[in-house]
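Good morning, everyone, and thank you for making room for me today. I would like to take you slowly through one protein model, so please keep the picture in view while I talk.

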Amino acid sequence: MIRGLYFRITATFLVIVLISIGVAFLFTNQMFKRDARGQLPNQLEKSIARIEQLYAVSKPADLQAFLEEISSLQGQSIVAISSSNYLVRAGERSELIMERLTFEQLRKVFGGSSVRLDVYASEEVSPPSPPALGKLVSFGNERWALFVQLNRFPQNSNFLWTAVTLLVTLLLVGSVLILIVARYLVRPLKMMTNAATRMSQGDFSVRLPARRGDELGELAQGMNKMALSLSQLEMMRQDFVSNVSHEMQSPLTSIGGFAEALRSEEVTGAERERYISIIKQESMRLSRLSENLLNLASLDSQQHPFHPQPYRLDRQLRDVVLACEPQWMAKRQTVELLMEETVITADRDQLNQVWMNLLANSMKFTPEDGKIFLSLSEKDGSIVVRITDTGIGVHEEDRERIFERFYKGDLSRDRSQGGSGLGLSIAQTIIHIHGGTIALDPSADQLTGASFMIKLPFARTAA
């Protein structure tokens, strides 16, 4: 959760907001100070001049009442000290002015200089205070040191200026930080885009760094796995094309060669018949190869027809054995059946092809006078079919690849045997469609014959 992308984006946003607020506050505070040092002294000088002029025009009898009225009208705090050390105060901050005022500052004012006086409230939580300004003025025939301070910053101009400064600073700082962070967040996305582009062009060797622990890291791992899978699929595709080309090239070469031989006038009648028989045999081999390829393509798709219905599986196995009787009788082979009455709900035609392929495989690789055993039983709630023969068996190095398409194992053991290497692949695909498994029986000795074990559920409604 903490290392997730959502958390990182949220935390990054909050950090950007906090940094922006901090920078904006510091910048705005500096603007306040500059405003206090720049514009306010001019305003205070004008205010002191007006007070002096008003006194000269009105000639009030009581200076205390006059200054209190000015303080109330203009929102100012005023401290006036005469050359004879007479003190007059008016306004809410006049006491603070007295606390900050020093003898040296007072001497400078009586010397004709203007004195800036920083006045702060004692409470730390109080808002910032504008500075006070002291100048020498004349009230009647006496000189006075007059100190004037605004009770608060001018509300209209300072509020608008502060708001604009704060918003602009937040916008600028936030934009810069977001651009920096966005570059960091977008970089892995650009890498993934480049990787996807390379994969779309057929380069499946691309790998992305997957050290991140968030969703982007998981996506990078997924893309690496996808690239690996696509690479394996590409190799399988190339092998498939190579195997198909090889399987088709052999019969086509035979057909072409014997067809050319038939054009010779020196061919005898017996040889002609033999050549025609070979051409017909190779044509049938090509036909079976094409049929198997189409069957595999249909089974691999999700639109292959699947029509499950209940029927007696033991009867189907017996019918398959009887249909193949001419082949196993021709090699004087013995087929033994051990069947239990079993009803299965499955696609009859698809399973019939499985039994035909497996039985044909056993008959092909079992020598004359050999034996083939078929058993049907129920175990752990599943239907178990075993097909065992006394043929040439399966070598250890062939067991892992025996169900691969076009894989034929060590053909040097019996070069007279044909086949395209697709029968077991078709059988495995059909069994998987029915939710079952097919494998070499681990309990059987595969060096003295092959033994296949098929497990099927009693009912399968859809693939």
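Of the 463 residues in this protein chain, 35% count as buried, and I should say at once that what you are looking at is a predicted model. The chain has an accessible surface of about 27800 Å², and carbon and sulfur atoms account for 56% of that surface. As for the secondary structure, the chain contains eleven helices and twelve strands. If we take the contacts between residues at least 6 apart in sequence, we find that 65% of them join residues that are at least 24 apart.

Let me turn to the interior. Which residues have the most contacts inside the largest nonpolar core? That core has 39 residues, and the ones with the most contacts inside it are L351, W355, L358, L374, V385, F452 and I454. Helix α10, which covers residues 348-365, gives the most to this core, contributing six residues. To see how one member is surrounded, look at I454, which, if we leave out residues up to four places away in sequence, touches W355, L358, I383, V384, V385, I431, T437 and I438. Another core, of 19 residues, lies apart from the largest one, and I48, L67, I70 and A80 are among its members.

Now to the aromatic rings. A pair of aromatic rings is described by the distance of the centres and the angle of the planes. In this model the count comes to five aromatic pairs. One of them is formed by Y55 and F66, whose ring centres are 5.6 Å apart and whose planes stand at 70° to each other, an arrangement that is edge-to-face. This pair links distant parts of the chain, since Y55 belongs to helix α1 (residues 5-58) and F66 to helix α2 (residues 63-74), with their positions eleven residues apart in the count. Are these two residues buried or exposed? Y55 has a relative accessible area of 15% and is therefore buried, and F66, with a relative accessible area of 10%, is buried as well. A further pair is made by F139 and W144, whose ring centres lie 6.1 Å apart with the planes at 45°, so this pair is tilted. Both F139 and W144 are buried. Taken together, Y55, F66, Y86, F139 and W144 are linked by ring pairs into a cluster.

Helix α1 comes up again when we move to the surface, because V15 is found in it. V15 joins I19 and V23 in a nonpolar patch on the surface, and together these residues have about 210 Å² of accessible area. V15 itself has a relative accessibility of 44%, so it counts as partly exposed.

My last topic is charge. Side chains of opposite charge can pair when their charged atoms come close. A search of the whole structure finds eight salt bridges, and I would like to show you some of them. D314 meets R312 in a salt bridge, with 2.8 Å from N to O. D314 also forms a salt bridge with R318, where the closest N and O atoms are 3.4 Å apart. Why are D314 and R318 separated by about one helical turn? They are four residues apart in helix α8 (residues 313-323), and that is why the separation is about one helical turn. D314 is buried, with a relative accessible area of 2%, whereas R312 is partly exposed at 22% and R318 is partly exposed at 36%. These residues belong to a network of salt bridges that links R312, D314, R318 and E341.

The final pair is E368 with R332, whose side chains meet in a salt bridge at 2.7 Å from N to O. E368 lies in the loop between α10 and β9 (371-379), while R332 lies in the loop between α9 (325-330) and β7 (334-339), so this salt bridge ties together parts that are 36 residues apart in sequence. Both ends are partly exposed, with E368 having a relative accessible area of 46% and R332 a relative accessibility of 47%.

That is where I will stop, and I am happy to go back to any part of the picture.

Note on methods
Residues numbered from 1 in each chain as written. Predicted model: local features only at pLDDT ≥ 70, side-chain atom pairs only at ≥ 80, totals over all residues. Heavy atoms only, no water. Phe/Tyr/Trp six-rings, centres within 6.5 Å; stacked < 30°, edge-to-face > 60°. Helix = DSSP H or I, 4+ residues; strand = E, 2+ residues; numbered from the N terminus. Buried < 20%, exposed > 50% of the residue type's maximum accessible area, 1.4 Å probe, protein only. Patch = residues over 30% accessible without salt bridge, like charges linked within 9 Å, V, L, I, M, F, W, Y side chains within 5 Å. Areas by Shrake-Rupley, 256 points an atom, 1.4 Å probe, with all protein chains shown as cover. Salt bridge = Lys/Arg side-chain N within 4 Å of Asp/Glu carboxyl O. Contact = heavy atoms within 4.5 Å. Core = buried A, V, L, I, M, F, W, Y, C linked by side-chain atoms within 4.5 Å.
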